[in-house]
Amino acid sequence: MPSGIIIIDKPRDWTSMDVCAKLRRLLGERRVGHAGTLDPMATGVLPVFVGRATRAVEFAQEGEKEYLAGLRLGLVTDTQDTTGTVLETHSPVTARAAVEEALGAFRGEILQVPPMYSAIKVDGKRLYDLARKGRTVERKPRPVTIYALSVEDETGPGEFLLRVRCSKGTYVRTLCHDLGAALGCGGCMSSLRRTEAAGFTLDGAVTLDEVAEAASRGEAERLLLAVDRYFARYPALTVSRAAERLARNGNPFRQAGEDGLYRVYSPAGEFLLLGELRDGVLKTRKSFFEV
């Protein structure tokens with residue numbers, strides 16, 4: 001059965017779940033999950049985990065992400081992007097220097113109020129379901145971190161391309177909305193392209209058409225990256241056959257080494273698990289061998 005990671009360059013107007021459904025058909029594997037949802041209007045890096053590799057999704061959803069976002073000033077919408085209903089129009093700020101100066105207040109740890117058009121639940125109901133019914137409810141601000149924020153280009157009067165490096169949970173369209181408010185003219189997001197997620201970049205991404213072409217030749221599995229590649233930042237550890245048997249049964253075992261997380265391999269070189277070594281005992285954090 002296919003197992004591994006495939007980095008998809010998500011097309012516009014597809015949901016992240018649409019991509020997973022397409023890959024299930026192309027790869028013939030029902031276990032498919034993605035790390036880091038992209039809105040339908042967004043494109044770019046969508047790491048997709050296939051087969052046994054889906055066990056790594058919980059780790060891959062953490063970490064920094066990077067985007068190229070279109071900022072359109074002078075326009076306020078209900079969705080905070082150009083797909084929504086226009087609520088206000090104003091004369092936009094057109095000076096690049098003014099936009100660059102305003103960015104300073106949005107770098108570092110900031111508070112964001114989640115948009116109504118989001119999947120967050122309030123009292124058990126999705127905000128976007130309430131928004132579609134014309135309802136607005138109070139949302140608590142959430143802390144997010146903007147690690148880097150810069151103007152990459154000026155694409156038209158009052159339109160700019162921003163590069164954003166941020167933490168999990170950041171709404172880039174809310175960032176555009178809030179930036180427009182800070183500039184006094186309103187603003188929204190006009191485009192979004194994710195350039196990095198879970199440590200993967202566009203350099204290693206493939207399109208769904210490329211996957212389909214490979215599948216037609218019976219070669220789609222060649223596009224999958226081994227799941228241990230995601231954990232490459234942790235040192236590798238090859239264990240004894242006795243330790244392998246214990247690990248395959250979910251048992252901890254004695255192991256020499258410094259405390260920390262390790263990629264654990266069998267004597268034959270099979271990636272077994274991500275393990276945590278503490279005081280000479282290694283315990284499984286997540287196993288990846290086929291049972």
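Which residues are exposed on the other side of α3? Read on, and helix α3 will answer.

## About the model

This is a predicted model, in which local features need pLDDT of at least 70, side-chain atom pairs count only at pLDDT 80 or more, and totals for chains, interfaces and linings use all residues. Residues are numbered from 1 along each chain as its sequence is written, and side-chain values use heavy atoms, leaving out hydrogens and water.

## The two sides of α3

Helix α3 spans residues 96-103 (helices are DSSP runs of H or I, at least four residues, and strands of E, at least two, numbered from the N terminus). Val99, Ala102 and Leu103 are its buried residues (under 20% relative accessible area, against over 50% for exposed and partly exposed in between, with a 1.4 Å probe and protein chains only). Seen down the axis of α3, they fall within an arc of 105°, so they line one face of the helix (the arc is taken from the directions from the helix axis to the C-beta atoms).

On the other side, Ala97 and Glu101 are the exposed ones. The buried residues of α3 pack against β4 (65-73), β10 (142-156), β11 (159-166) and α5 (172-183) (contact means heavy atoms within 4.5 Å).

## Serine 266

Now to a loop: serine 266 sits between β16 (260-265) and β17 (271-278). Is serine 266 buried or exposed? Serine 266 is buried, with a relative accessible area of 2%. Leaving aside neighbours within four places in sequence, serine 266 is in contact with Thr238, Val239, Glu244 and Leu272.
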